[in-house]
Amino acid sequence: MNNPFVRIVEPLDPKQPLKKFFNLSKLEDVRYARLPFSIRVLLEAAIRNCDEFLVKKGDVENILNWKVVQHKNVEVPFKPARVILQDFTGVPAVVDFAAMRDAVKKLGGDPEKINPICPADLVIDHSIQVDFNRRSDSLQKNQDLEFERNKERFEFLKWGSQAFKNMRIIPPGSGIIHQVNLEYLARVVMDHDGYYYPDSVVGTDSHTTMIDGLGVLGWGVGGIEAEAVMLGQPISMVLPEVVGYKLLGNPQPLVTSTDIVLTITKHLRQVGVVGKFVEFFGPGVAQLSIADRATIANMCPEYGATAAYFPVDDISIGYLIQTGRDKEKVMCTKKYLEAVGMLRDFKNSSQDPDFTQVVELDLHTVVPCCSGPKRPQDKVAVSDMKKDFETCLGAKQGFKGFQIAQDRHNTVVKFNFEGCDFELAHGSVVIAAITSCTNTSNPSVMLGAGLLAKKAVEAGLTVKPYIKTSLSPGSGVVTYYLRESGVMSYLSQLGFDVVGYGCMTCIGNSGPLPESVVAAITQGDLVAVGVLSGNRNFEGRVHPNTRANYLASPPLVIAYAIAGTIRIDFEKEPLGINASGKKIFLKDIWPTRNEIQVVEHQFVIPGMFKEVYQKIETVNESWNALDAPSDKLYTWNPKSTYIKSPPFFDGLTLALQTPKTIEDAYVLLSFGDSVTTDHISPAGNIARNSPAARYLMSRGLTPREFNSYGSRRGNDAVMARGTFANIRLVNKFIDKQGPQTVHFPSGETLDVFDAAERYKQAGHPLIVLAGKEYGAGSSRDWAAKGPFLLGVKAVLAESYERIHRSNLVGMGVIPLQYLPGEDARSLGLTGRERYTIIIPEKLKPQMNIQIKLDTGKTFHAIMRFDTDVELTYFHNGGILNYMIRKMAS
């Protein structure tokens with residue numbers, strides 16, 4: 001390493017004489033000690049790869065001068081140590097790799113150069129659905145049905161694990177990717193190639209940030225960008241601002257980590273942290289367990305930051321031991337972090353770095369809360385939930401409104417379920433799901449839910465049988481300690497049986513509701529409710545029939561399930577009345593923090609983690625029995641409706657094509673604020689009247705065989721038709737919610753895909769207009785691939801969520817942003833104009849470009865290619881085209 005900023009020092013472990021490390025903290029430069037810890041990890045990664053990426057002395061100087069240059073678009077080449085994927089994003093990534101091998105071969109290159117060069121772990125967790133619940137065999141039946149539906153996808157992934165080096169597949173039924181990463185995969189410090197260096201990771205899922213709670217710097221990227229990283233391309237990023245989030249005080253006894261994270265989410269959305277790092281510090285951090293910190297870091301995408309970093313401290317080291325990691329390696333990890341000045345003492349304010357901005361939260365001020373009914377940042381104190389929901393009922397249609405006429409607020413619909421009569425009303429709970437790695441990774445809230453269930457059953461409380469209850473833990477360890485602590489049977493008695501190990505309800509795999517329940521909701525046009533311990537509640541995500549969805553802690557999920565409605569004031573109204581006629585209030589059964597800690601200390605032990613994870617890759621017999629082809633090039637099956645060679649590389653040549661001005665483009669869709677990737681490319685149910693359904697039926701499939709959009713991400717024909725197919729889509733050209741738009745040449749209202757096809761056949765380019773936070777939510781690459789296939793050449797928005805902007809760049813779709821202070825309204829844009837976007841010959845990052853309308857009006861917008869590397873991708877037509885040309889030549 002010929003770099004003046006790298007010092008090789010003596011080995012930490014005398015038994016392994018090659019294990020050296022880069023000692024950046026010993027620089028004769030006090031600036032290093034003032035850097036946020038997250039920026040230090042970036043610096044370590046850049047230096048570690050300095051030979052490969054030609055990091056110059058000036059670049060290192062820029063990073064060390066972070067406080068001075070952070071607003072000057074300094075470019076940092078970040079190469080993470082690892083990549084993690086889940087199957088919804090992993091299948092299209094492997095499909096792309098297979099197609100890239102074909103493309104490289106056609107261009108005369110070696111197809112096996114398309115191969116991950118860094119460790120890549122793919123966890124299959126997005127496929128299983130809650131088809132069965134409230135029965136002892138729910139888990140087995142859901143897993144059997146998962147394999148029946150997804151066998152072809154699983155065989156394809158197993159082929160990928162054999163065809164590509166450095167790719168490990170964690171079989172279905174093992175857990176949720178981020179929880180498996182936290183409890184098993186994460187190293188904290190890498191021990192590789194003769195050196196120690198900080199662990200870092202990117203993942204094809206926005207909640208990859210969960211690992212930041214353990215001190216591993218990580219965040220979500222689109223599948224397109226992850227593929228480039230796996231092939232050796234660094235992530236080109238602008239040196240971020242770092243917001244210091246100071247935690248003070250102690251949480252109140254009845255407050256959970258869920259309440260804390262929902263409070264932080266609302267706070268940071270108000271602060272504005274999109275595109276920034278958030279780093280937590282202050283004495284309050286020492287009051288939080290690693291599971292608490294991971295919960296807060298997990299919801300980083302919901303408050304919009306790139307990363308939500310908790311530096312490593314002694315509690316982190318203790319967690320590594322608690323989860324069964326090798327003790328000698330853990331001790332070397334601690335020695336390394338001490339040696340480079342990166343072991344944090346949150347009670348020592350002299351270690352506090354410089355931050356761009358500091359905000360504070362006193363943990364003692366946090367109260368029990370939920371978030372909803374349509375966004376995770378819309379926090380509501382539990383004491384205000386009844387009043388808030390009733391206000392939302394009559395409020396104007398929007399994030400906090402359903403526009404239900406006043407005379408219909410008390411509508412009641414009677415229905416029969418399994419021979420018994422029941423009633424549904426606005427606010428009735430029909431889904432109650434303990435789900436998501438956000439909360440099931442945290443023993444305190446899971447054991448809290450179990451203890452609450454125990455007290456509820458002993459008090460004689462029950463859950464109405466028509467409510468779809470479920471428990472889907474993020475790993476087998478959760479079931480282990482719930483069973484050993486004696487609370488599992490009580491959860492089952494209330495209907496919260498284990499239904500699977502995967503994301504399930506959190507990502508919309510909530511399965512069907514009883515037909516009589518759906519009929520009652522439809523008959524009364526009711527605002528039915530889902531309550532889940534997940535991280536997202538965007539419209540149309542959880543279930544098509546739950547218009548209101550609230551995020552809550554696992555104990556609160558059970559409480560609302562028992563109550564059967566969201567319209568309850570727990571302080572004044574009882575949860576229920578038992579057989580003896582006694583009123584039971586929530587306070588009567590709510591466990592204290594001390595009660596939970598006693599049980600956690602006794603039953604959450606290292607042996608559980610070791611036992612579960614030592615057999616994680618071999619425990620699934622159905623997976624072991626899969627027969628996958630062994631060829632290095634994939635043989636595409638033209639009859640498949642799951643796996644299809646994508647058209648992204650058709651006609652690709654070694655020569656670059658000069659980007660051209662986009663002339664007379666029509667606007668396909670016009671949106672307001674907070675359009676999510678769920679709106680752009682839904683993951684769940686395929687509606688029977690949709691273009692995707694018509695395509696599948698033309699291939700001989702019945703609706704029962706449709707599966708979900710997420711499961712069909714290996715087939716571009718389905719995914720193009722599923723683009724903008726969310727039933728809650730709000731398009732300004734249409735006066736009602738739905739996946740339709742106006743085809744302006746004919747004036748017809750059509751499904752979005754059908755309109756796009758008409759434009760494409762006539763040779764008309766398309767653009768999309770949007771407001772603020774365009775592309776919020778999941779890091780799904782199909783939210784960029786889909787519009788690309790529809791013929792969308794550019795998006796013009798007020799602002800973008802980070803991952804989606806990156807994905808658009810990766811597909812060669814131009815992200816345009818209004819100038820500060822301007823938007824569609826101020827410019828008088830209706831979306832019915834035709835747009836000519838002038839692309840200059842010489843481009844530079846974030847340059848202003850001219851847009852001309854057919855009305856004669858002209859205005860300027862910012863072309864959001866933020867780095868020179870992103871411009872290189874654009875000139876190549878996207879990241880993957882760039883990588884193919886690089887490998888072929």
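Is Glu870 buried, partly exposed or exposed? In this predicted model, Glu870 counts as buried because its relative accessibility is 6%, and buried here means under 20%. That makes it a good place to begin a tour of the salt bridges, before we move on to strands, cores and two loop residues.

**A buried charged pair and its network**

Glu870 has a salt-bridge partner in Arg805, with the closest N and O atoms 2.9 Å apart. Glu870 belongs to helix 33 (residues 868-875) and Arg805 to helix 31 (residues 802-810), so this pair ties together parts that are 65 residues apart in sequence. Arg805 is buried too, with a relative accessible area of 8%. The two do not stand alone: salt bridges that share partners join Arg805, Arg864, Asp866 and Glu870 into one network.

**Two other salt bridges**

The model's count comes to 38 salt bridges. Another one to look at is the salt bridge between the side chains of Lys386 and Glu573, at 3.0 Å from N to O. Since Lys386 sits in helix 15 (residues 385-394) and Glu573 in the loop between helix 21 (554-563) and strand 23 (576-577), the pair ties together parts that are 187 residues apart in sequence. Lys386 is partly exposed, at 27% relative accessibility, and Glu573 is partly exposed with a relative accessible area of 25%.

Glu748 and Arg758 also form a salt bridge, and their closest N and O atoms are 3.0 Å apart. Here the partners are ten residues apart, with Glu748 in strand 27 (residues 748-751) and Arg758 in helix 29 (residues 752-761). Glu748 counts as partly exposed at 35% relative accessibility, and Arg758 is partly exposed with a relative accessible area of 33%.

The three pairs are set side by side here.

| Salt bridge | N to O distance |
|---|---|
| Lys386 and Glu573 | 3.0 Å |
| Glu748 and Arg758 | 3.0 Å |
| Glu870 and Arg805 | 2.9 Å |

**Strands and their partners**

Strand 27, home of Glu748, pairs with strand 26 (residues 740-743) in the antiparallel sense over four bridges. Within that pairing, Val742 stands opposite Thr749 in strand 27. The hairpin of these strands has four residues between them, and Gly747 takes a positive phi near 80° there.

Strand 25 (residues 662-670) is mostly covered, with seven of its nine residues buried. How many bridges join strand 25 to strand 28 (residues 766-769)? There are four, and the two strands run parallel. Val667 of strand 25 faces a partner in strand 28, standing opposite Ile767. Strand 25 is also joined to strand 31 (residues 835-837), this time by two bridges and in the antiparallel sense. Ile662 stands opposite Ile837 in strand 31.

**The nonpolar cores**

The largest nonpolar core has 294 residues, and those with the most contacts inside it are Phe280, Tyr560, Leu668, Phe724 and Tyr774. Helix 6 (residues 87-106) gives the most to this core, with eleven residues. Phe724 shows what such a position can look like: beyond its neighbours within four places in sequence, its contacts include Leu668, Leu669, Phe671, Val752, Val768, Tyr774 and Leu790. Phe724 also has His679, Pro739 and Pro787 among its contacts. A second, separate core has eleven residues, including Ile686, Ala692, Leu696 and Phe706.

**A region from the record**

UniProt, in an unreviewed entry, places the feature "domain: Aconitase A/isopropylmalate dehydratase small subunit swivel" at residues 693-818. Over this span the chain is 32% helix and 18% strand, and its end C-alpha atoms are 36 Å apart.

**Two loop residues to look at**

Arg547 lies in the loop between strand 21 (529-532) and strand 22 (548-551). Its side chain makes a polar contact of 3.0 Å with the side chain of Asp525. Not counting residues up to four places away in sequence, Arg547 touches Pro373, Lys374, Phe402, Ile404, Asp525, Leu526, Val527, Ala528 and Arg728.

Pro646 is found in the loop between helix 25 (621-624) and strand 25. With a relative accessible area of 6%, Pro646 is buried. Which residues does Pro646 touch, leaving out those up to four places away in sequence? They are Val95, Asp96, Ala99 and Asp716. Pro646 and Ala99 are 547 residues apart in sequence, yet their C-alpha atoms are 7.0 Å apart in space.

How values were computed: Residues are numbered from 1 along each chain as its sequence is written. This is a predicted model: local features need pLDDT of at least 70, side-chain atom pairs count only at pLDDT 80 or more; totals for chains, interfaces and linings use all residues. Side-chain values use heavy atoms; hydrogens and water are left out. Buried means under 20% relative accessible area, exposed over 50%, partly exposed in between (1.4 Å probe, protein chains only). Two strands pair if DSSP finds at least two bridges between them. UniProt positions are given in the numbering used here, feature names are shortened, and annotations may be inferred rather than shown by experiment. A salt bridge is a side-chain nitrogen of Lys or Arg within 4 Å of a carboxyl oxygen of Asp or Glu. A nonpolar core is a set of buried Ala, Val, Leu, Ile, Met, Phe, Trp, Tyr and Cys residues joined through side-chain atoms within 4.5 Å. Contact means heavy atoms within 4.5 Å. A polar contact is a pair of N or O atoms within 3.5 Å; within protein, one must be able to donate a hydrogen and the other to accept it, and residues adjacent in sequence count only if both atoms are side-chain atoms.
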